[in-house]
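Welcome, and thanks for opening your viewer. Load the coordinates, switch on a cartoon view, and follow along one selection at a time.

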Amino acid sequence: MLGDLTEEQWARLDAAAVALDRRVCEDLTGANGGAEQHDASATGDRPALPDEPKDVSRPSARDAKGREGGEALAELVERVLDVCGQHYAAVTGTSSGRWDQESARELMGIALRTVCMAERESYPQALDAYLHERRARLERLWRRYGPGGMFAGELVLIGLPGCFVLCERVEEDPLWLEGVWAEQGQEQTALERLRDSWLYDTGAKDGR
């Protein structure tokens with residue numbers, strides 16, 4: 001087919017080939033922004049359109065959660081405190097009159113920073129179901145680390161109903177909780193001991 005081209009068509013084809021070669025060379029040296037285009041091709045991303053902002057960074061799932069988090073509304077804190085309080089009273093046989101209410105709310109606020117915004121409205125119900133399912137495990141935790149237990153005094157957080165929401169959080173998202181805990185200036189050892197006791201010292205054969 002190429003043999004049937006006229007001299008004029010051959011000349012145009014040669015000119016196009018030269019222009020193409022020059023464009024490729026410029027791309028490779030970066031003269032036409034080739035480095036960015038080749039990088040985009042290598043990663044499978046399409047180049048940004050002229051008026052479209054480029055996605056400079058892609059946050060990890062944890063970074064995204066961090067942006068979604070933040071201080072929980074007082075209403076949510078109260079709802080979660082009520083859920084934990086009911087389960088805590090049933091497990092420990094204590095009443096709210098014996099709890100440090102200010103510390104309990106502070107603990108709830110810290111834990112709830114690690115609940116994504118989209119999940120906060122339904123979180124009290126989800127937490128209630130979680131605590132119901134793990135009632136036997138919570139009772140073992142109290143028997144071992146509560147007053148009169150073999151390891152009494154080792155878990156400073158056991159005296160607050162908020163320790164129950166922390167149990168759920170260390171199982172659901174321990175790394176995020178550790179980060180927020182440190183951010184809020186809390187004692188790291190207290191959280192670490194609760195985490196280890198809950199995850200490794202209260203389980204049964206069914207894992208609950």
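## Stop one: a tryptophan and its neighbours

Select Trp-198 and show what surrounds the side chain: setting aside residues within four places in sequence, Trp-198 is in contact with Tyr-130, Arg-134, Arg-137, Leu-138, Leu-141, Cys-167, Val-170 and Glu-171. Please keep in mind throughout that this is a predicted model. Trp-198 belongs to helix H11. Is Trp-198 buried or exposed? With a relative accessible area of 0%, Trp-198 is buried.

Now pick Arg-137 out of that contact list. Arg-137 lies over the face of Trp-198, at 4.1 Å from the ring centre. For a second view of the same spot, draw a distance between C-alpha atoms: Trp-198 and Arg-140 come out 9.5 Å apart in space, with their positions 58 residues apart in sequence.

While you are here, select Glu-139, whose place is in helix H8. Glu-139 has 30% relative accessibility, so it counts as partly exposed. The C-alpha atoms of Glu-139 and Thr-202 are 9.0 Å apart, and the two residues are 63 apart in sequence.

## Stop two: the aromatic cluster

Next, show Tyr-88, Trp-99, Trp-142 and Phe-164 as sticks; ring pairs link these residues into a cluster. How many aromatic pairs are there? The count comes to four.

Start with Tyr-88 and Trp-99. Their ring centres are 5.4 Å apart and their planes meet at 80°, so this pair is edge-to-face. Tyr-88 lies in helix H4 (residues 74–92), while Trp-99 sits in the loop between H4 and helix H5 (101–112), so the pair ties together parts eleven residues apart in sequence. Both Tyr-88 and Trp-99 are buried.

Then turn to Tyr-88 and Phe-164. Here the centres are 5.3 Å apart and the planes are at 65°, so this pair is edge-to-face as well. It links distant parts of the chain, with Tyr-88 in helix H4 and Phe-164 in helix H9 (residues 162–172), 76 residues apart. Phe-164 is buried, as is Tyr-88.

## Stop three: helix H9 and its cover

Follow Phe-164 into its helix and select the whole of H9. How many of the eleven residues of H9 are buried? Nine are, which leaves this helix mostly covered. To colour them, choose Gly-162, Cys-163, Phe-164, Val-165, Leu-166, Cys-167, Glu-168, Arg-169 and Val-170.

Now bring back the surroundings. The cover over the buried residues of H9 includes H4, H5, helix H7 (123–133), helix H8 (135–145), helix H10 (174–183) and helix H11 (188–200).

From the cover, pick Ser-103, which is found in helix H5. Ser-103 has 26% relative accessibility, so it counts as partly exposed. Its C-alpha is separated by 9.9 Å from that of Pro-161, 58 residues away along the chain.

## Stop four: the nonpolar core

Which residues of the largest nonpolar core touch the most other members? Select Val-80 and Leu-127: they do so among the 44 residues of this core. H4, H5, H7, H8, H9, H10 and H11 each supply at least two residues of the core, and H4 gives the most, with eight.

Zoom in on Val-80. Not counting residues up to four places away in sequence, Val-80 touches Met-108, Leu-112, Tyr-123, Pro-124, Leu-127 and Val-165. As background, nonpolar side chains in soluble globular proteins tend to be buried together.

## Stop five: the whole chain, coloured by confidence

Zoom out to the full cartoon. The protein chain has eleven helices and zero strands. Buried residues make up 33% of its 208 residues. Among contacts with a separation of 6 or more, 73% join residues 24 or more positions apart. The chain exposes about 13,000 Å², with carbon and sulfur atoms supplying 52% of that area.

Finally, colour by pLDDT. The mean for the chain is 77, and 64% of the residues reach 70 or more. Confidence is highest in H7, at 98, and lowest in helix H2 (residues 34–43), at a mean of 43. Select residues 18–67 to see a stretch where the pLDDT is below 50; beyond near neighbours in sequence, this stretch has 25 contacts in the model. Where pLDDT is low, the predicted coordinates should not be read in detail.

Note on methods
Residues are numbered from 1 along each chain as its sequence is written. Side-chain values use heavy atoms; hydrogens and water are left out. Rings of Phe, Tyr and Trp (its six-membered ring) pair if their centres lie within 6.5 Å; planes under 30 degrees apart count as stacked, over 60 as edge-to-face and the rest as tilted. Helices (H or I, at least four residues) and strands (E, at least two) are DSSP runs, numbered from the N terminus. Buried means under 20% relative accessible area, exposed over 50%, partly exposed in between (1.4 Å probe, protein chains only). A charge sits over a ring if NZ of Lys or CZ of Arg is within 6 Å of the ring centre and within 35 degrees of the ring normal. Contact means heavy atoms within 4.5 Å. A nonpolar core is a set of buried Ala, Val, Leu, Ile, Met, Phe, Trp, Tyr and Cys residues joined through side-chain atoms within 4.5 Å. Accessible areas come from the Shrake-Rupley method with a 1.4 Å probe; for residues, only the protein chains shown count as cover. pLDDT is the predictor's confidence in each residue, from 0 to 100.
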